[in-house]
Amino acid sequence: MIWVSLSGVELMRIVHVNFDYGELGVGGASIAAGRIHKGLLTQGADSIFLCSFKRGDGDQVHEVPKCKVFRSLFLFTVRVLRNIPRLVGYKYAVAVNIVPSGMECEINRLSPDIVMIHWVSADTIALSEICKIKAPVVIVLHDLWFLLGTAAYPGQDKRYITGFSYKNSRLLDWWLWRRKKKISEQRSICFVAPSKWAESVARSSVVGAGQRCLSIPYPLDTTLFKFDPMKIKEHDKFTILFGCNGGRRNPYKGFDVLNLALQHVPIDIAKKMRLIVFGEQSAPYIMNGVDVEFLGKISKTCKLVDAYLSADMFAFPSIEETMGQTKIEAMAC
């Protein structure tokens, strides 16, 4: 992806599609997609961001659907549809991306040179609309939903390699996976993964087979996320920092692994330690002698940097992760 930002030369137009935009967005995918968009703007590209919800200020960011009446009807319909699977035994809401949002029409109206589809497993764009996009399509694997049925990560499930079928899957998983497979059969797609592991999963998957798969790490503004010795403060306890959207309740981030590890620490050492969790607001408690405190959701970059710099160690016990924004942010700080 190369463009020349010289006077008289036409710039590449890139359209991003993501569930939401802004630092208050849902999870790291929203933040990562926003950073890619901002980075392209700083380099002179004509980058446009389309989303279901705009949760912060940003240049060239637009909500779709635009019509207020249609938007209200669309958001109500997909919310109902996402919760229907709970009636048949699913423990969580399931996005089937079956209701057209008008995203495809808006994309084609903009006539982009390339379309980057980010985290849309919340009915941001119907899967059928993806096939109608006239420009080349890049799918960014913030998680692995595009390669699976209803799940975001495979765990020990190898059906992404062998294929989902009516016999080995629940009906909804099989049906949704078949729709994704149909997209890959009907058009060329480039799968971009933020890590080599996620790239290898895409290459070995049925959906990714025959498509171009490559790894491009997330961008990070190191003028914001950086070590600052002036902000380092001494404290009486060894401080461990853990954080993610949802805190302890996020099943992919591995807090239970961290919890188990800390239970093996001798009590006399544990009493000299402190665990700080961001992304969740709860009452403090003591776990095997370790003081556990909560910072709540952090929406400002400066506050997040201060949290990283206040810790002696950042814990990233995630058991399945394409990259993880907190990991690269903590490393930079």
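**Salt bridges, a surface patch and two pockets**

Modeller: For this predicted model, the salt-bridge count comes to 16.

Colleague: What makes Asp46 and Arg13 a salt bridge?

Modeller: Their side chains meet with N and O 2.7 Å apart. The cut-off is within 4 Å, so the pair qualifies.

Colleague: And why do you say that this pair ties parts together?

Modeller: Because Asp46 belongs to strand β2 (residues 46-54) while Arg13 belongs to strand β1 (residues 13-21), so the bridge links parts 33 residues apart in sequence.

Colleague: How do you know whether Arg13 is buried, exposed or partly exposed?

Modeller: Its relative accessibility is 27%. Buried would need under 20% and exposed over 50%, so Arg13 goes down as partly exposed.

Colleague: Next, Arg203 and Glu199. What makes that a salt bridge?

Modeller: The closest N and O atoms are 3.0 Å apart, and with a limit of 4 Å the pair therefore counts.

Colleague: Why do you put about one helical turn between Arg203 and Glu199?

Modeller: Because both are in helix α7 (residues 196-204), and they are four residues apart there.

Colleague: Why is Glu199 called buried?

Modeller: Glu199 has a relative accessible area of 10%, and anything under 20% is buried, so the label fits. Its partner Arg203, at 48%, is partly exposed, because exposed starts over 50%.

Colleague: How do you know that Lys231 and Asp306 make the list?

Modeller: Their closest N and O atoms are 3.6 Å apart, so the pair is within the 4 Å cut-off. Lys231 sits in the loop between β7 and β8 (238-243) and Asp306 in helix α10, so this bridge joins parts 75 residues apart in sequence.

Colleague: Which label do Lys231 and Asp306 get, buried, exposed or partly exposed?

Modeller: Lys231 has 39% relative accessibility and Asp306 has 35%. Since partly exposed covers what lies between 20% and 50%, that is the label for Lys231 and for Asp306. There is a network too: salt bridges with shared partners join Lys66, Glu106 and Arg109.

Colleague: Which residues make the nonpolar surface patch?

Modeller: Phe76, Val80, Ile84, Leu87 and Val88, together about 540 Å².

Colleague: What makes Val88 count as exposed?

Modeller: Val88 reaches 59% relative accessibility, and the bar is over 50%, so exposed it is. Val88 is found in the loop between α2 (68-83) and α3 (103-110).

Colleague: On to pockets. How do you know where empty space is left?

Modeller: You roll a probe the size of a water molecule over the atoms. Here the largest pocket holds about 1,500 Å³ of space.

Colleague: What lines the largest pocket?

Modeller: There are 49 lining residues, with Val26, Gly27, Trp119, Asn245 and Asn250 nearest the centre. By class they are 23 nonpolar, 16 polar and 10 charged. Helix α1 supplies the largest share, five residues.

Colleague: And what about the second largest pocket?

Modeller: That pocket has a volume of about 740 Å³ and 29 lining residues, Ile36, Leu40, Met116, Ile216 and Pro219 being nearest its centre. Elements giving two or more residues to that lining include α1, β4 (114-117) and β5 (137-140). Again α1 gives the most to this lining, namely six residues.

Colleague: How does the lining of the second largest pocket divide by class?

Modeller: Into 20 nonpolar, three polar and six charged residues.

Technical notes. Residues are numbered from 1 along each chain as its sequence is written. This is a predicted model: local features need pLDDT of at least 70, side-chain atom pairs count only at pLDDT 80 or more; totals for chains, interfaces and linings use all residues. Side-chain values use heavy atoms; hydrogens and water are left out. Patches are made of residues with over 30% relative accessible area and no salt bridge: like charges are joined within 9 Å, nonpolar side chains (Val, Leu, Ile, Met, Phe, Trp, Tyr) within 5 Å. Accessible areas come from the Shrake-Rupley method with a 1.4 Å probe; for residues, only the protein chains shown count as cover. Buried means under 20% relative accessible area, exposed over 50%, partly exposed in between (1.4 Å probe, protein chains only). On a 1 Å grid over the protein atoms alone, a cavity is a set of points where a 1.4 Å probe fits but cannot get out, and a pocket is an open set with protein on both sides within 12 Å along at least five of seven lines; lining residues have an atom within 4 Å of a point. Grid points are joined across faces, edges and corners, and a volume is the space filled by probe spheres set on the points. Ala, Val, Leu, Ile, Met, Phe, Trp, Tyr, Cys and Pro count as nonpolar, Asp, Glu, Lys and Arg as charged, and the others, Gly among them, as polar.
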